[in-house]
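Work through the exercises below with the structure open. Each task is followed by a solution in steps.

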Amino acid sequence: METRTQVLVIGGGSTGCGVTRDLARRGVDVTLVEKGNLTNGTTGRMHGLLHSGGRYAVSDQASARECIEENRILRDIAGHCVEETGGLFVKRPEDDESYFQEKLAGCRDCDIPAEVLTGAEAREREPYLATDVEKAIAVPDAAVDPFRLCVANALDAENHGARVETHAEVTDLLVDAGEIVGAEVTHESGKGPREHGTPGEVEEIRADHVVNAAGAWAGRIGDLADLDVAVRPSKGVMTVMNTRQVDTVINRCRPKGDADIVVPHETACILGTTDEEVSDPEDYPEEEWEVDLMIETLAELVPILEDARTIRSFWGVRPLYEPPGTGTEDPTDITRDYFTLDHDERDGTPGMTSIVGGKLTTYRLMAESISDHVCEKLGVEAECDTADVPLPGSERPGDLEAAMERFGLRSPVARRSAQRLGSRTEDVLASCDPNPVVCSCEGVTRAEVRDAVEQAGTDLNAVRLRTRASMGNCQGGRCAHRMAAELHPEHDERAARAALDELWQERWKGQRHALWGEQLSQAMLNYALHRTTMNEAGDPARADGGVDWDAFDAGDGGEHGD
């Protein structure tokens with residue numbers, strides 16, 4: 001099968017979704033393909049920090065200035081994706097006073113609002129801060145929901161004529177007379193919303209220009225046309241705690257190091273992170289010591305973390321890029337700036353441009369930059385408007401309060417629904433009556449789940465990313481089956497069970513490094529509920545398939561019972 005588009009964007013993370021939105025709003029015919037869900041790569045595995053720029057105010061002031069500018073823009077255009085937590089850079093007795101002063105001066109040099117607080121004043125804001133924290137710098141850090149942000153960008157792109165295909169892997173680049181003219185794409189489950197078991201198809205998408213926005217995987221895309229895109233993947237671990245021990249982003253005020261940030265995010269706190277270069281963005285060790293390091297080191301800032309329950313850990317891979325010849329050995333020293341690689345100018349291979357490096361906070365700026373570049377090549381003169389036009393859900397800020405009044409949204413569940421949906425609240429919540437809660441940990445209602453199923457089909461992990469259902473303390477123990485039930489009657493039992501098993505495997509994957517103390521008991525409860533109450537034949541703790549429990553109980557392990 002062959003189709004045509006003006007621009008093919010490879011990669012459904014923040015940058016790819018941002019580029020697709022930007023180009024679509026300029027009237028360009030654009031198609032986005034992503035081999036997994038939106039946010040499948042680096043974007044879906046970050047700690048949710050919307051940088052104020054304070055983190056780079058000493059080491060990389062150009063990036064710091066970009067961060068504070070984009071921070072302000074995203075608060076305006078994506079208000080329903082951002083929680084204005086504020087941030088603190090805190091100093092302990094062993095931390096260098098001269099660096100604290102450098103940080104303060106750097107923030108002010110970069111136009112980042114910065115206020116010095118005494119230790120007592122910092123503890124008034126965050127009572128669980130260590131008693132020996134001497135002082136802090138308050139900056140306008142925030143928390144951002146990367147899943148909601150990417151989906152909103154993709155939705156706006158579709159509203160302006162773009163085609164967005166998930167579970168669609170680029171398996172080859174099409175090259176004609178030395179020019180890249182498109183890509184071969186293998187659909188995991190057929191085009192459109194995910195349906196388990198639907199036979200895949202191979203599609204050749206011909207394009208006037210290809211944008212490689214595959215992040216840490218950009219080098220692999222380049223390899224398909226013998227182009228060297230020297231991305232240096234760097235892994236980092238994030239550990240999710242069971243509650244919000246702090247309501248402000250807490251940063252350690254020191255030059256660099258592992259385990260130096262706590263980000264309050266929705267109902268949890270995320271601890272981060274490490275920075276270790278790896279050779280493969282998909283195959284790298286996930287080590288227990290990294291999780292221990294997060295908790296032990298960050299407990300120096302917030303001692304209550306020592307006794308808190310860890311519900312899961314996950315690893316992400318940064319798509320770091322350094323121009324050839326720089327020779328930096330320590331990945332923490334590699335710039336977080338972004339680079340546009342025009343393969344016509346650089347390699348003599350026209351038809352494709354790669355965008356590498358950067359960070360989520362500056363995704364919109366990166367998208368604007370590469371969209372300008374592509375439009376110049378295509379002869380498109382339309383201007384970028386993405387800094388001024390709100391994303392779906394944030395278009396009319398007053399609609400949120402009006403909808404809450406309209407539906408009497410005063411319960412915590414209803415308020416959280418409205419915060420997630422923004423200006424879409426009325427349309428979505430009015431679509432389902434009665435509207436019970438499906439996920440009690442995150443307060444997700446049936447209307448929200450059904451709205452997500454309409455977009456994602458049987459992909460319950462995509463439903464999870466859109467709604468946060470199954471992302472709370474029980475990690476799906478009390479709601480995964482309810483989510484699967486919402487697939488009926490549009491999808492049959494086989495598809496629903498396959499979707500449920502896939503969701504369970506994904507939820508289990510991040511818990512393996514948190515199985516001690518109370519969390520081990522929670523995991524065993526989930527296992528018992530899944531195994532006995534639902535009479536499931538599959539074991540969510542196994543990656544190689546289900547267990548024949550009748551044979552197991554009879555003393556014969558069966559195919560997987562060993």
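## Exercises on a predicted model

Of the 562 residues of the protein chain, 58% count as buried. The model is a predicted one. The chain holds 18 helices and 22 strands. Where contacts link residues at least 6 apart in sequence, 69% of them join residues at least 24 apart.

**Exercise 1. Describe how helix H1 and helix H5 cross, and state which residues meet.**

Solution.

Step 1. Two packed helices are described by the angle between their axes and the distance between the axes.

Step 2. H1 spans residues 14–25 and H5 spans residues 146–159. Their axes come within 8 Å and cross at roughly 25°.

Step 3. Angles under 35 degrees count as roughly parallel. H1 and H5 are therefore roughly parallel to each other.

Step 4. The handedness of the H1 and H5 crossing is left-handed.

Step 5. On the H1 side, the residues in contact are Ser 14, Cys 17, Gly 18, Thr 20, Arg 21, Ala 24 and Arg 25. On the H5 side they are Cys 150, Asn 153, Ala 154, Asp 156 and Ala 157. Sorted by class, this contact of H1 with H5 has five nonpolar, four polar and three charged residues.

**Exercise 2. Find the strands that pair with strand S12, and give the sense of each pairing.**

Solution.

Step 1. Begin with strand S1 (residues 2–10), which pairs with S12 (residues 201–212) in the parallel sense over eight bridges. In this pairing, Arg 4 stands opposite Arg 206 of S12.

Step 2. Strand S11 (residues 179–187) runs antiparallel to S12, and six bridges join them. His 187 has Glu 201 in S12 as its bridge partner.

Step 3. Strand S20 (residues 352–357) pairs with S12 in the parallel sense, over three bridges. Here Asn 212 stands opposite Ser 354 in S20.

Step 4. To collect the result: S1 is parallel to S12, S11 is antiparallel to S12, and S20 is parallel to S12.

**Exercise 3. Give the strand order of the open sheet of three strands, and name its edge strands.**

Solution.

Step 1. The order is S3-S8-S4, and the pairing is antiparallel.

Step 2. The edge strands are S3 (49–50) and S4 (82–83), each of which pairs on one side only.

Step 3. As a check on one pair, S3 and S8 (residues 142–144) run antiparallel and are joined by two bridges. Leu 49 stands opposite Ala 143 in S8.

**Exercise 4. Locate two cis peptide bonds and two residues other than glycine with positive phi.**

Solution.

Step 1. Most residues other than glycine have a negative phi, and most peptide bonds are trans.

Step 2. One cis bond joins Gly 272 and Thr 273, with omega about -15°. Thr 273 is in the loop between strand S16 (268–272) and strand S17 (276–277).

Step 3. Another cis bond runs from His 488 to Pro 489, with omega near 5°. Pro 489 is in the loop between helix H15 (480–485) and helix H16 (493–509).

Step 4. Asp 111 has a positive phi, near 65°. Asp 111 lies in the loop between helix H3 (97–109) and strand S6 (115–118).

Step 5. Asp 226 also has a positive phi, near 60°. The loop that holds Asp 226 is between helix H6 (218–223) and strand S13 (231–241).

**Exercise 5. Decide whether Asp 226 counts as buried or exposed.**

Solution.

Step 1. The cut-off for exposed is over 50% relative accessible area.

Step 2. Asp 226 has 75% relative accessibility, so Asp 226 counts as exposed.

Key:
Residues numbered from 1 in each chain as written. Predicted model: local features only at pLDDT ≥ 70, side-chain atom pairs only at ≥ 80, totals over all residues. Heavy atoms only, no water. Axes fitted to C-alpha atoms, helices over the stretch in contact; angles between N-to-C directions. Helix = DSSP H or I, 4+ residues; strand = E, 2+ residues; numbered from the N terminus. Parallel < 35°, antiparallel > 145°, perpendicular 65-115°, else oblique. Left-handed = near helix turned anticlockwise from the far one by under 90°. Contact = heavy atoms within 4.5 Å. Nonpolar A, V, L, I, M, F, W, Y, C, P; charged D, E, K, R; others polar. Pairing = 2+ DSSP bridges. Buried < 20%, exposed > 50% of the residue type's maximum accessible area, 1.4 Å probe, protein only.
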